[in-house]
Amino acid sequence: MKIFSAEQLYEADRITCEKQQISSTDLMERAAGQIFNWLNTRMQGAQVPIHIFCGIGNNGGDGLALGRMLINHGYKVEVYIANFTDKRSKCFLINYGRIKDVTKNWPKLMSGPDDFPEIHPDDIIVDALFGIGLTRAIEGWVKELVLHLNSSPAFKLAIDIPSGLSANGPVLDPEGVVRANHTLTFQTPKMAFFLPKSGQFVPYFEALDIGLDPQYLIETKPMASIVLKPEVKSFYRQRNKYSHKGDYGHLLMAGGNQGQMGAMVLSSQAALRTGCGLLTVHVPKCGLDILQTAVPEAMAQPDLEELTISDIPVNWSPTTVAVGMGMGTKAETAEAIKTLFAQTEQPMVIDADALNLISEHQNMFDSIPQGSILTPHPGELKRLVGEWTDDYDKIERVKQLCEKHQLIILVKGANTLVIGPGLIKINSTGNPGMATAGSGDVLSGMIGSLLAQGYEPIIAAIMGVYLHGSAGNMAATELGFEAVTASEISSRISESFLELFREEAPPQNSGSKE
Ligand SMILES: NC(=O)C1=CN([C@@H]2O[C@H](COP(=O)(O)OP(=O)(O)OC[C@H]3O[C@@H](n4cnc5c(N)ncnc54)[C@H](O)[C@@H]3O)[C@@H](O)[C@H]2O)[C@@H](O)CC1
Ligand SMILES: Nc1ncnc2c1ncn2[C@@H]1O[C@H](COP(=O)(O)OP(=O)(O)O)[C@@H](O)[C@H]1O
Ligand SMILES: [K+]
């Protein structure tokens, strides 16, 4: 599913009106109609007071049009206008006129805190103050209005985007954002819904189809796209009946040091469960027995050193390499990584301490094989790209690094981003139970395994992240967030593959029909 910027959505609106020969007021009518259908399906005429708070732009116009539709269907509605300027949009004005035609209870013009209404906890608030046209933080008494709405426990439904959030820009003032319980957004989700600082304001959302021009939506390169099951399923490659283990790649996994051998155990198990044909682990001598006992399927190649990694021989040409898990950052390990990069051309997975070493020796960037996948957690990422000012600055820094060195870099967390040259993919699986020791090691093993099986690096990254999150979701469903451990995620990798091919139950009632 694509994510467009506010600018692209305005363009989509314009082209839609032009091609479908409708006015922007007609398009607003369609949009408000979808919100009405959604509410009407759920409320079935219930006389719960609905308070609609409108701004003076087109988001406010949506609120007015919705108010009229609800009034026409006998709902109990109060409409308020935050009358902070007389620069009202055309569609707002048309809908302001139209609502006056259907009720004697005209919208109440608010010009300060004295006009704020009391809201009963069981009422419903509709937030139509600002949409994607927000250009600056909400200030003055309108901000006080947002605080007033936020102080109410009433259910809050945001139209298009919670007021105070930018569609694709940083949060300007976290206090001045409506804390909506649910957001009904038009056509496609907004970037803000998926990034940590702004996503917290969008706990639940649904995208309502308002019939924007399909050609524009298909042909326009989005700023990002969300990875959903059908896409991952399309990547999956069936196994040939006559295939043998040599067809599924030989992964070399290097890492571990005294006290952190578990990371390698977790990665190895995850790699095997993800399907690579052969696995060789390279660990310091002290880890040999641990690996051989915990993961009997893997072959083990001991380092020359007892306690740490000092060389990673690849003269036997593994299909690919995953390096760094629990590896430590000793000087001899840095040398081993440098040699590994110099001797390897094919893309590899680079995680954890290998990333920390690269951060310490920035000249190593130039020798990382192109197409390699870097899997930093937030701390490692900060060391790689420096301190960022906001989520968008973080993405920009990662994008630049990807382009400069032709790499794929993950921004891990809720909605992990897979960023590659010219592309941002947003993962849709995963849960906070996965914020647990070793879950990143499982992910590296999975991606390394997919890479070894011949999936393109970008596909291996997208697929690995999706399946890892899906396995985590199954673990959380069965165990609850707190009891999710990396091993529990790993043991559900098989389920995550099977789930790709499970048929969905048909939707009950989407509420988004016209
Ligand atoms: N045909 C269309 O263009 C459609 C527009 N739609 C609605 O239109 C919305 C966008 O409408 P607008 O572009 O009119 O913008 P908004 O309604 O989001 O904002 C209104 C105006 O407020 C001003 N403003 C921005 N930040 C402010 C601040 N902090 N304090 C005070 N004033 C501020 C801006 O000049 C902006 O134009 C969408 O989010 C959606 O709800 C929908 O009806 C779908 C169709
Ligand atoms: N709140 C969250 N929601 C979803 N996934 C999460 C969340 N927190 C962490 N994760 C996932 O868990 C993994 C954690 O990786 P990482 O921090 O590298 O773990 P470790 O270093 O312990 O192996 C990542 O894949 C990340 O996306
Ligand atoms: K809004």
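How many of the 23 residues of helix 16 are buried? The legends below begin with that helix.

**View 1. Helix 16 in its surroundings.** In this predicted model, local features need pLDDT of at least 70 and side-chain atom pairs count only at pLDDT 80 or more, while totals for chains, interfaces and linings use all residues. Residues are numbered from 1 along each chain as its sequence is written, and chains are lettered from A and ligands numbered from 1 in the order in which they are written. Of the 23 residues of helix 16, 18 are buried, so the helix is largely enclosed by the rest of the structure. Buried means that 20 or more other C-beta atoms, placed from the backbone, lie within 10 Å of the residue's own. Helices are DSSP runs of H or I with at least four residues, strands are runs of E with at least two, and both are numbered from the N terminus. Helix 16 covers residues 457-479, and its end C-alpha atoms are 32 Å apart, which agrees with the expected 33 Å; that expected span is 1.5 Å times one less than the number of residues. G480, just after helix 16, has a positive phi of about 85°.

**View 2. The largest nonpolar core.** This core has 150 residues, and F53, C54 and V126 have the most contacts inside it. A nonpolar core is a set of buried Ala, Val, Leu, Ile, Met, Phe, Trp, Tyr and Cys residues joined through C-beta atoms within 7 Å. Helix 16 gives the most to this core, with 11 residues. Domain 1 (2-221) and domain 2 (230-235 + 248-500) both give residues to the core, so it lies between them. These bounds come from an automatic or database domain assignment.

**View 3. The surroundings of V126.** Not counting residues up to four places away in sequence, V126 touches I50, H51, I52, F53, G63, L66, L157 and I159. Contact here means C-beta atoms, placed from the backbone, within 7 Å.

**View 4. The shell around ligand 2.** Among the 17 residues around ligand 2, H377, A414, G430, A435 and G440 come nearest; a residue is near if its C-beta atom, placed from the backbone, lies within 6 Å. Helix 15 (residues 439-452) gives the most to this shell, with four residues. By class, the shell has six nonpolar, nine polar and two charged residues. Ala, Val, Leu, Ile, Met, Phe, Trp, Tyr, Cys and Pro count as nonpolar, Asp, Glu, Lys and Arg as charged, and the others, Gly among them, as polar.

Key
A residue is buried if 20 or more other C-beta atoms lie within 10 Å of its own, exposed if 12 or fewer, and partly exposed in between; C-beta atoms are placed from the backbone. Two residues are in contact if their C-beta atoms, placed from the backbone, lie within 7 Å.
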